[in-house]
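Biologist: I should like to learn how to read a structure that is new to me. May we go through it feature by feature?

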Amino acid sequence: MSVELDVFVGNTTIMDEEVYQFWLDGYTVNDAVKVRMEGGVLEECEASAEVLRSDTMDQYRTFQMCERLLHSPAKLANQLLFQIPPHRQAMLIERYYTFDGVFVREVLGKKLSKGTKKDLDDVSAKTGVTLKSCRRQFDNFKRVFKVVEELKGPLVENIRQHFLLSDKLARDYAAIVFFANNRFETGKKKLHYLTFQDFAFCAGQLISNWTVGALDNMVEDMDVDLEKEFLQDLKELKILITDKDLLDQHKSLVCTALRGKTKAFNEMEANFKNLSRGLVNIAAKLTNTKDVRDFFIDLVEKFIEPCRSDKWTAGDMRLYLTHYTNSAHILDTFKHQVVWDRYMGVIKSCILKMYHD
């Protein structure tokens, strides 16, 4: 009785980047073979379909054996089982932790729990990302969250060092961790127009300016929790809308600075008090967990939508927010400039990113 065996012998572990991507994307061996054949690989290599299938299966086995090492990327460099050059290791890690924008958009801000994982079938059907790939991406989010949750030091740097990711990917994971920790609402219909990168930019602004780590870079949870003292101080800003003289003064200064500089001036003048109340009330409510969760909804409802309905351009928005922020410094009886600048610096950046005119 004869037995046929396919044997691959070599020193450096052979890894085809295209096949690796098929494996990451959740393709079956048969589907991967089909796509490779359609791409003309048989003609290129002068190989048979059987050899191509054996090669694909062999690489899939290699990737599966490497997967446990990819869960703790530092182990990949120190293991002796696979001879993988450093540049290849970096590629394997980066691609393993890369995620689909449409997928992360569906789970952003949700609890990284078994309950959310059970819903991945629906997410897969909605996004077109295979269930296997959805699970890998979700497990990666959860793994990074758990590792960095109790570490001291900057969030992005901790992610970069522990998972050996590029700076860009580490920043994206920092945004995912930050959103999962604070449970920001991102799934409401009014927020559907915003991409993951819009939210990731805003997360970077919040982490850099409103967290405990913005002041002290060696505390636990420094970049995932908003600084409670700062949130408490934001209540002081209410004087800008409760003191009628201050509100009128602020409006007069802003309108004087804007007159003749924009076609939307009449609307800006007419809506000034409502817009100012909107922004200041958002600030004053951030001590409540629910209001923190609704931060992006509130920005859209209280500020972005009214401006969009008045047909402001992005340039109008920038001009208005600049003068609105700066004019508060000229108000004689307003004594909270430091808190105001810390608040409005982030608000201005986020609104400009979120305002797609």
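The dialogue below moves from the whole chain to single residues.

Modeller: Please keep in mind throughout that this is a predicted model.

Biologist: I shall begin with the secondary structure. How many helices and strands does the protein chain have?

Modeller: One lists the helices and the strands separately. In this protein chain there are 21 helices and zero strands.

Biologist: How does one judge the overall form of the protein chain, and what is its radius of gyration?

Modeller: One may compare the radius of gyration with that of a compact globule. For 357 residues such a globule would have a radius near 21 Å, whereas the protein chain has 26 Å. Along the principal axes, the C-alpha atoms fill a box of roughly 100 × 40 × 35 Å.

Biologist: What share of the residues counts as buried, and how much accessible surface does the protein chain have?

Modeller: Of the 357 residues, 46% are counted as buried. The accessible surface is about 18200 Å², and carbon and sulfur atoms contribute 51% of that surface.

Biologist: How many charged side chains are there, and how far apart are the centres of the two sets?

Modeller: The protein chain carries 50 positive and 53 negative side chains, with the centres of the two sets 5 Å apart.

Biologist: What do contacts say about residues distant in sequence?

Modeller: One considers contacts between residues at least 6 apart in sequence; here 69% of them join residues at least 24 apart. Leu279 offers an example to examine, and its place is in helix α17, residues 265-284.

Biologist: Is Leu279 buried or exposed, and which residues does Leu279 touch?

Modeller: Burial is read from the relative accessible area, with anything under 20% counted as buried. Leu279 has a value of 0%, so this residue is buried. Beyond four places in sequence, its contacts include Leu299, Phe303, Tyr324 and Ile351. Its C-alpha atom is also 7.2 Å from that of Lys302, 23 residues away along the chain.

Biologist: Where is Ile159, and which residues are in contact with Ile159?

Modeller: Ile159 belongs to helix α11, residues 155-163. Its relative accessibility is 0%, and therefore Ile159 counts as buried. Setting aside neighbours within four places, Ile159 is in contact with residues including Val144, Leu164 and Tyr173.

Biologist: Leu164 appears among those contacts. What is notable about the phi of Leu164?

Modeller: The phi of Leu164 is near 55°, a positive value in a residue other than glycine. Leu164 is in the loop between α11 and α12, and is partly exposed at 42% relative accessible area.

Biologist: Where does Lys311 lie, and is Lys311 buried or exposed?

Modeller: Lys311 lies in the loop between α19 (295-309) and α20 (314-327). Its relative accessible area of 69% is over the 50% cut-off, so Lys311 is exposed. Lys311 also has a positive phi, of about 60°, although it is not a glycine.

Biologist: Is a charged residue such as Asp291 buried or exposed?

Modeller: The relative accessibility decides this. Asp291, in helix α18 (residues 289-293), counts as buried because its value is 14%. Among the residues that Asp291 touches are Lys285 and Asp298.

Biologist: Finally, how many disulfides does the structure hold?

Modeller: The two sulfur atoms of a disulfide must be within 2.5 Å, and the structure holds zero disulfides. For Cys202, the nearest cysteine sulfur is that of Cys350, 3.4 Å away, so Cys202 is in no disulfide by that cut-off. Cys202 is buried, at 0% relative accessible area.

Methods. Residues are numbered from 1 along each chain as its sequence is written. This is a predicted model: local features need pLDDT of at least 70, side-chain atom pairs count only at pLDDT 80 or more; totals for chains, interfaces and linings use all residues. Side-chain values use heavy atoms; hydrogens and water are left out. Buried means under 20% relative accessible area, exposed over 50%, partly exposed in between (1.4 Å probe, protein chains only). Helices (H or I, at least four residues) and strands (E, at least two) are DSSP runs, numbered from the N terminus. The radius of gyration is taken over C-alpha atoms; the globule rule is 2.2 Å times the number of residues to the power 0.38. Contact means heavy atoms within 4.5 Å. Accessible areas come from the Shrake-Rupley method with a 1.4 Å probe; for residues, only the protein chains shown count as cover. Lys and Arg count as positive and Asp and Glu as negative; His and the chain ends are not counted. The place of a charge is taken as NZ of Lys, CZ of Arg, CG of Asp or CD of Glu.
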